[in-house]
Amino acid sequence: MKVRYLRVSLTDRCNFRCKYCMPNGVKEFIPHEEILKYEEIVEVVKAFTVLGVDSVRFTGGEPLVRRKVEEVVRGVSELPFIKDVSLTTNGFFLKEKAKSLKEAGLKRVNVSLDTLNPEKFSYITGTDPSSFYRVVEGIEEALSVGLSPVKVNTVLIKGFNDSEIGDFIKFSELYGVEVRFIELMPVGGKFFSHENFIPISKVKDYIRENFGELIPTTSYKKGPAKSFLVEGTKAKVGFIPSVSEHFCDSCNRVRLTSDGKLRLCLMSDRELDLKVLLRSASYSFEKLVSVLKEALILKRGINGISALESLGCSRKMFTIGG
Ligand code: SAM
Ligand code: SF4
């Protein structure tokens with residue numbers, strides 16, 4: 001599958017401490033000088049566009065905690081060949097940032113929201129319950145400034161939010177946003193266990209039995225998420241069966257970590273240090289393109305490993321960006 005999509009982590013820092021991503025114990029973050037500068041990120045994206053990448057998603061850690069994030073959004077949006085610039089956020093700073101991000105060229109946004117209950121939200125994110133309302137206001141603001149589509153990412157955890165699937169369907173109808181149910185992945189920390197894992201197949205069965213048939217939409221073929229309308233409702237839902245289904249054959253993405261490592265597969269620790277190249281005395285744009293070209297050839301060899309089989313991922317999710 002041709003690589004067209006680059007996920008760029010802007011930082012490993014975050015104002016939340018989601019239990020499955022960044023447990024409270026995390027104290028050490030990548031030193032500032034090791035983090036790629038915005039010019040360096042734009043340079044890497046530009047080199048990738050030569051090789052066919054036309055979509056970029058900013059992530060983190062929390063991308064909106066990085067200062068003047070609009071600058072890198074603008075820099076990437078203005079590159080020739082870039083068609084789509086998106087961002088995944090916890091939504092906390094979205095209310096104040098949505099407008100300037102849209103003006104900088106951001107097209108769409110995914111907001112992570114695992115529960116519609118403020119107390120449970122506080123528990124899972126390690127923040128004050130009032131943060132829940134900020135996130136919802138952030139979603140409203142994103143919609144009102146015209147970021148489109150706005151999607152909600154919901155990681156399903158048995159015994160925590162599996163009773164809220166119906167509420168999320170209503171939320172989707174109310175706000176006109178797609179809710180994407182994501183399987184909990186065994187990445188990094190110890191939160192994952194087979195007891196709190198829910199396969200997407202069960203979620204689909206539940207929706208079919210209690211709401212209606214799932215009707216595939218046109219965006220069906222884009223990446224691992226699959227979008228559906230729920231028959232008889234106005235709700236749009238998506239599913240990311242990252243653990244239970246093999247999606248390597250359709251994987252069209254690579255990842256750039258905030259410290260400049262190119263990661264060819266989320267679940268494989270094979271990384272290429274682009275920062276060293278970017279900061280070397282002999283750096284040239286042509287050399288960067290050539291290194292990336294080789295890396296994309298290597299990616300073809302890595303694909304074919306499923307998440308559970310490989311388990312070659314020692315980094316925690318916040319250092320990669322999901
Ligand atoms: N801070 C931003 C946010 O939360 O949206 C962006 C970074 S976060 C690492 C990106 C996505 O990864 C979020 O939707 C989050 O829910 C998801 N994620 C983190 N850890 C995960 C895990 N163990 N399993 C499944 N999804 C996970
Ligand atoms: Fe932060 Fe996102 Fe990880 Fe939650 S999932 S701790 S918001 S990086």
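Which backbone atom of Thr-89 lies 3.2 Å from ligand 1, a polar or a nonpolar one, and what atom of the ligand faces it? I looked, and a polar backbone atom of Thr-89 is 3.2 Å from an oxygen atom of ligand 1. Note to self: this is a predicted model, and every number here is computed from it.

**Entry 1: around ligand 1**

I stayed with ligand 1 and went through its other polar partners. Gly-61 also uses its backbone: a polar atom there is 3.0 Å from a nitrogen atom of the ligand. Ser-112 joins in with its side chain, where an N or O atom is 2.5 Å from an oxygen atom of ligand 1. Next I checked how much of the ligand is covered. On its own, ligand 1 has 540 Å² of accessible area, and the protein covers 95% of that. Two elements give two or more residues to the shell, namely β3 (84–89) and β5 (150–156).

I then listed the shell itself. Ligand 1 is surrounded by 17 residues, with Gly-61, Glu-62, Thr-88, Ser-112 and Met-185 the closest. Sorted by class, I get nine polar, six nonpolar and two charged residues.

**Entry 2: around ligand 2**

Which residues surround ligand 2? I wrote down Cys-14, Phe-16, Cys-18, Cys-21, Met-22, Gly-61 and Asn-90. By class, this shell has five nonpolar residues and two polar ones, and no charged residue turns up. Gly-61 caught my eye, since I had already met it beside ligand 1.

**Entry 3: the whole chain**

Time to zoom out. I found eleven helices and twelve strands in the protein chain. The chain has 322 residues, and 56% of them are buried. I also looked at contacts between residues at least 6 apart in sequence: 72% of these join residues at least 24 apart. The accessible surface comes to about 14300 Å², with 53% of it belonging to carbon and sulfur atoms.

**Entry 4: the core and Phe-58**

Which residues touch the most other members of the largest nonpolar core? They are Phe-58 and Phe-181, in a core of 89 residues. Helix α1 (residues 38–50) gives the most to this core, with seven residues.

I picked Phe-58 and traced what it touches beyond four places in sequence. Its partners include Val-8, Leu-10, Ile-41, Pro-63, Val-72 and Val-85. Ser-86 is one of them too, so I went there next.

**Entry 5: Ser-86**

Ser-86 sits in strand β3, one of the elements I had noted for the ligand 1 shell. Is Ser-86 buried or exposed? Its relative accessible area is 0%, and buried means under 20%, so Ser-86 counts as buried. Its side chain makes a polar contact of 3.4 Å with the side chain of Arg-57. Apart from neighbours within four places in sequence, Ser-86 is in contact with Val-56, Arg-57, Phe-58, Leu-106 and Arg-108.

**Entry 6: helix α4**

Last stop: α4, residues 118–125. At its start, a side-chain oxygen of Asn-117 comes within 2.8 Å of the backbone nitrogen of Glu-119. Which residues of α4 are buried? I noted Pro-118, Phe-121, Ser-122, Ile-124 and Thr-125. An α-helix has 3.6 residues a turn, so residues three or four places apart point the same way. I keep that in mind when reading the list. Part of the cover over the buried residues of α4 comes from α5 (130–145). After α4 comes Gly-126, with a positive phi near 70 degrees.

Definitions and conventions. Residues numbered from 1 in each chain as written. Chains lettered and ligands numbered in written order. Predicted model: local features only at pLDDT ≥ 70, side-chain atom pairs only at ≥ 80, totals over all residues. Heavy atoms only, no water. Near = heavy atom within 4 Å. Polar contact = N/O pair within 3.5 Å; in protein donor to acceptor, adjacent residues only side chain to side chain. Areas by Shrake-Rupley, 256 points an atom, 1.4 Å probe, with all protein chains shown as cover. Helix = DSSP H or I, 4+ residues; strand = E, 2+ residues; numbered from the N terminus. Nonpolar A, V, L, I, M, F, W, Y, C, P; charged D, E, K, R; others polar. Buried < 20%, exposed > 50% of the residue type's maximum accessible area, 1.4 Å probe, protein only. Contact = heavy atoms within 4.5 Å. Core = buried A, V, L, I, M, F, W, Y, C linked by side-chain atoms within 4.5 Å.
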